[in-house]
Amino acid sequence: MLNFKIEAKCRKTKARVGVIETAHGKIRTPVFMPVGTRATVKAMAPFELKAIGAQIILSNTYHLYLRPGADIVSAAGGLHKFMGWDRPILTDSGGFQVFSLSTLREITDDGVLFQSHLDGTRHFMTPEKATFVQEQLGSDIAMCFDECVPYPCTPEDSYKAVERTISWAERCKKAHKRFDQSLFGIVQGSVYSDQRLYCAAELKKMDFPGYAIGGLSVGEPHEKMYAMLDVLSEELPIEKPRYLMGVGYPLNLLEGIARGVDMFDCVLPTRNGRNGTVFTYSGRINLKNKAYERDFTPIDPNCSCYACRNFSKAYIRHLYRSGEILASRLCTWHNLHFLIDLMTRAQAAILEGSFEDFKKRFEENFKDEGGKR
């Protein structure tokens, strides 16, 4: 089972440093989790993820359920052995993908009938089935099956999803049997404070070992996301880890940490990397731009990743223009290293009592290409 210990807190914000203990090792928080949707982090091998300091990765229940099938992963000895990763793994429930990827879906209180985006076959996913599939996968942290509404949505539609999410969480908890796997509840409620508080209060009664915040970073303004985090920072149990789902933009990460969030995940660093967009401590840039044709400096002189130690912007731009796979690999490597390093620096700042200053300096320096925030 999961244990969580808080080691330090920021006096001026709600930021904290902690350690999560799982069956496959410890996780120091705040932590960014690279996304390995289909049991692989795109363009990265497990030993490379270890080299950049990845402590835990996330895989997707929906995708692995459809291909290759949870029974095959289970027969291989579980997800860790199947993908050659011996550190912690978190699996999401697949709820978000059911609602966002399926071309056809019918939602009832029992579950969701959906059509596979791969071959059109129909499947019925229930809270019990989502829980069982994650037990077959053998992740260290599993997520309750929830209903995620789009933004914008009406208060009525959001409330219906909250009620289902609460009911489904209770069913997931009752169905969950695996003692070496921890099940997190997910707080929904869109951008409605009263619904977020209600959902969190009901989930607290079920006493989950951790709580995720879902349904944000789905198109709403950043200010609304931060407002919901402010509301929940007072409601969610202080002694339990908090996980903000689907957030990976550097400025959002620091704002989340300042509001007491411990865990984050997002496809942004890998997706951006494959498209030539990289993070630096001066901001976000696109290496495909002609401005870097004769730029023989590293992506970021303040970065110690493999790409920055060995290659220039001009070379990586050349790789992209030549259609070479190495371009995607180097930029993905850099982006993941950047976010993991940002978490490490945030931890150090919290321990030193300087997190607020660290956050302020980062925000002053970090600009998107062209000076945009």
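**A tour from the α13–α14 crossing to a small sheet**

Begin by selecting helix α13 (residues 313-321) together with helix α14 (residues 325-352), whose axes come within 7 Å and cross at roughly 135 degrees. This is a predicted model, and everything described on the tour should be read as such. Because angles over 145 degrees would be needed for roughly antiparallel, the two helices α13 and α14 are classed as oblique to each other. If you turn the view until one helix lies in front of the other, the crossing of α13 and α14 is left-handed.

Now show side chains at this crossing: on α13, select Y315, I316, L319 and Y320, and on α14, select L326, A327, S328, L330 and C331, which together make the contact. Sorted by class, the contact of α13 with α14 comprises 8 nonpolar residues and 1 polar residue, with no charged residues.

Keep α14 on display and add helix α10 (residues 250-258), whose axis comes within 11 Å of that of α14, the two crossing at roughly 30 degrees. Since angles under 35 degrees count as roughly parallel, α10 and α14 are described as roughly parallel to each other. The crossing of α10 and α14 is right-handed, whereas that of α13 and α14 is left-handed.

To see what lies between α10 and α14, select P250, L253, L254 and I257 in α10, which meet F338, L339, L342, M343, A346 and I350 in α14. By class, this contact of α10 with α14 has 10 nonpolar residues, and neither polar nor charged residues take part.

Next, leave the helices and select β7 (105-107) and β9 (122-125), the edge strands of a sheet, each of which pairs on one side only. Adding β8 (residues 112-115) completes an open sheet of 3 strands in the order β7-β8-β9, with antiparallel pairing. Neighbouring strands of this sheet are turned by 15 degrees against each other on average, direction ignored.

Within this sheet, zoom in on β8 and β9, which pair in the antiparallel sense over 4 bridges. One place to look is F114, whose bridge partner in β9 is H123.

Finally, zoom out to the whole protein chain, which contains 15 helices and 17 strands. Along its principal axes, the C-alpha trace of the chain spans about 60 × 50 × 40 Å. For 373 residues, a compact globule would have a radius of gyration near 21 Å, and the chain's value of 20 Å therefore agrees with that expectation.

Notes. Residues numbered from 1 in each chain as written. Predicted model: local features only at pLDDT ≥ 70, side-chain atom pairs only at ≥ 80, totals over all residues. Heavy atoms only, no water. Pairing = 2+ DSSP bridges. Axes fitted to C-alpha atoms, helices over the stretch in contact; angles between N-to-C directions. Parallel < 35°, antiparallel > 145°, perpendicular 65-115°, else oblique. Left-handed = near helix turned anticlockwise from the far one by under 90°. Contact = heavy atoms within 4.5 Å. Nonpolar A, V, L, I, M, F, W, Y, C, P; charged D, E, K, R; others polar. Rg over C-alpha atoms; globule rule 2.2 N^0.38 Å.
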